[in-house]
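Please find below a short set of comments on the structure, arranged as numbered points. They begin with the protein as a whole and then turn to individual residues.

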Amino acid sequence: MIDAAHDDGHITSCDDVLSHVFEFLDHETDDARRAVIAEHLEDCSPCLRQFGIEQEFKALVRRRCGGDAPPPGLRDRIKVQLTSVTFEEDGTQVSVERASVETIAEERPS
């Protein structure tokens, strides 16, 4: 398991590895980050198990979607839904959102 301090977006923990697993699966990471993630997955059974689940999920989506290109902005909308939590406590509704700024380039067919 990686246990160094979190520094400038480097992969340093199981949470970091799992937060970048889709980028890893889609080959959207640089070679250095891919190597760190791959090494972590080799050494960490829980992360490897979760990685396998994510890999199967992507394969299922790919099979069911028939390879159609996703609509523009879909990835961003999904990420917002995955990072937003709303719950009610003592009659008060509380919303929590983990915000991050990322630039995602979408390729559009010519």
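1. Buried residues make up 20% of the 110 residues in the protein. The coordinates come from a predicted model, and the remarks that follow should be read on that basis.

2. As to surface, the protein exposes about 8,800 Å². Carbon and sulfur atoms supply 52% of this exposed area.

3. The secondary structure consists of five helices and two strands. Along the sequence these elements follow the pattern α-α-α-α-α-β-β, with the helices preceding the strands. Among contacts with a separation of 6 or more, 44% join residues 24 or more positions apart.

4. The largest nonpolar core has eleven residues. Its members are I11, C14, V17, V21, F24, L25, I37, L41, C44, C47 and F51. At least two residues of this core come from each of α1 (14–19), α2, α3 and α4 (45–65). The most is given by α2, with three residues. In soluble globular proteins, nonpolar side chains tend to be buried together.

5. Within this core, V17 deserves separate mention. When neighbours within four places in sequence are left aside, V17 is in contact with I11, I37, H40 and L41. Of these partners, I11, I37 and L41 also belong to the largest nonpolar core.

6. L25, another member of the core, is placed in helix α2. Its relative accessible area is 18%, and L25 therefore counts as buried, the cut-off being under 20%. Not counting residues up to four places away in sequence, L25 touches F51, E54, Q55 and K58. One of these, F51, is itself a core residue. L25 and K58 lie 33 residues apart in sequence, yet their C-alpha atoms are 8.6 Å apart in space.

7. Is T29, in the loop between α2 (21–25) and α3 (31–43), buried or exposed? T29 is buried, because its relative accessible area is 11% and the cut-off is under 20%. Residues up to four places away in sequence being set aside, T29 touches E23, F24 and R34. Among these partners, F24 is part of the largest nonpolar core.

8. To draw the residue-level points together, L25 in helix α2 and T29 in the loop between α2 and α3 may be inspected in turn. L25 has contacts that include F51 and K58, whereas the contacts of T29 include F24 and R34.

Key:
Residues numbered from 1 in each chain as written. Predicted model: local features only at pLDDT ≥ 70, side-chain atom pairs only at ≥ 80, totals over all residues. Heavy atoms only, no water. Helix = DSSP H or I, 4+ residues; strand = E, 2+ residues; numbered from the N terminus. Buried < 20%, exposed > 50% of the residue type's maximum accessible area, 1.4 Å probe, protein only. Contact = heavy atoms within 4.5 Å. Areas by Shrake-Rupley, 256 points an atom, 1.4 Å probe, with all protein chains shown as cover. Core = buried A, V, L, I, M, F, W, Y, C linked by side-chain atoms within 4.5 Å.
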